[in-house]
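Here is a quick tour of one model, written for someone with the sequence and the 3D view side by side. Have both open as you read.

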Amino acid sequence: MIEIDKILMNKIIAILPIYLDTKGNSTKIIFENKEDMFIYYRTIRVLKSIAGYFTLDLRKVRNEYGKIIESKNMVPIPLTKRDILIPMKTRKPISKNDGSIGYFNLKYIEDILKKDEEIYIKLITGKEIKVLNSERTIIKHINDGKLVKQSYKEKFDSHVKEEDLSYNTPATKKDIALLIRELVDIKKRL
């Protein structure tokens, strides 16, 4: 079972498919301020669990944002207004159901590096991760991610508008009870 709460307590930089000698097809999650985590499930399953936490239907997200970027495949996935996962090919699969696509959080991508004939994504943490896409394709995926981010932000902002509330009225017992409940919920998450 995937423990999503432990994963999402940290800032995700990348979700990568890897092969582990003892476990086989697995997933590596790179965090901003924590050691990398290895999960012994396929990357797509981990991604679906994370999307489920954010109440996202990956099929619908890919369909909606695929129309915006005019592509059915390799569609960036918006988790929040600030966290957009960009798909990149990071390995060659060994067998039929092995995934080759890793996901990079757009806000952590610093640069694209070309060393000899290999291309790396440089993250703001200093890590460099080899990708199997061409430089041109990587730039396209990053630009698609920026487009999805802008579209998601516009959509989110249009749905979430603050009502014109009167802030000069005193708080009721109900207001205070709701505030206490939210604080307790936040404390439990920490």
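In which helix is Val-184 found? Val-184 belongs to helix H5, which takes in residues 173–189. Keep in mind that this is a predicted model.

## Helix H5

Let's start with how long the helix is. H5 has 17 residues, and at 1.5 Å a residue they should span 24 Å. The C-alpha atoms at its ends sit 25 Å apart, so the model agrees with that expectation.

How many of the 17 residues of H5 are buried? The count is zero, so to speak of cover here is to say that H5 is hardly covered. Val-184 fits into that picture as a partly exposed residue, because its relative accessible area is 41%, and the range for that label lies between the 20% limit for buried and the 50% limit for exposed. Val-184 also joins Ile-176 and Ile-180 in a nonpolar surface patch of about 250 Å².

## The three-stranded sheet

Now over to the strands. An open sheet is built from three of them, in the order S7-S8-S9, and the pairing is antiparallel. Its edges are strand S7 (109–115) and strand S9 (128–131), each of which pairs on one side only. From one strand to the next, the twist averages 30°.

S7 and strand S8 (residues 118–123) are held in antiparallel pairing over six bridges. If you want to trace this in the viewer, try two of the partners: Asp-111 has Lys-122 in S8 as its bridge partner, while Ile-112 is matched with Ile-121, also in S8.

## Turn and loop

What links S7 and S8? The two strands form a hairpin, with two residues between them. Asp-116 lies in that turn and has a positive phi of about 55°.

Further along, Gly-126 has its place in the loop between S8 and S9. Is Gly-126 buried or partly exposed? Gly-126 counts as partly exposed, because its relative accessible area is 44%. For a distance to check on screen, take Gly-126 and Tyr-108: they are 18 residues apart in sequence, and their C-alpha atoms are 10.0 Å apart in space.

Conventions: Residues numbered from 1 in each chain as written. Predicted model: local features only at pLDDT ≥ 70, side-chain atom pairs only at ≥ 80, totals over all residues. Heavy atoms only, no water. Patch = residues over 30% accessible without salt bridge, like charges linked within 9 Å, V, L, I, M, F, W, Y side chains within 5 Å. Areas by Shrake-Rupley, 256 points an atom, 1.4 Å probe, with all protein chains shown as cover. Salt bridge = Lys/Arg side-chain N within 4 Å of Asp/Glu carboxyl O. Helix = DSSP H or I, 4+ residues; strand = E, 2+ residues; numbered from the N terminus. Buried < 20%, exposed > 50% of the residue type's maximum accessible area, 1.4 Å probe, protein only. Pairing = 2+ DSSP bridges. Axes fitted to C-alpha atoms, helices over the stretch in contact; angles between N-to-C directions. Expected span 1.5 Å × (residues − 1).
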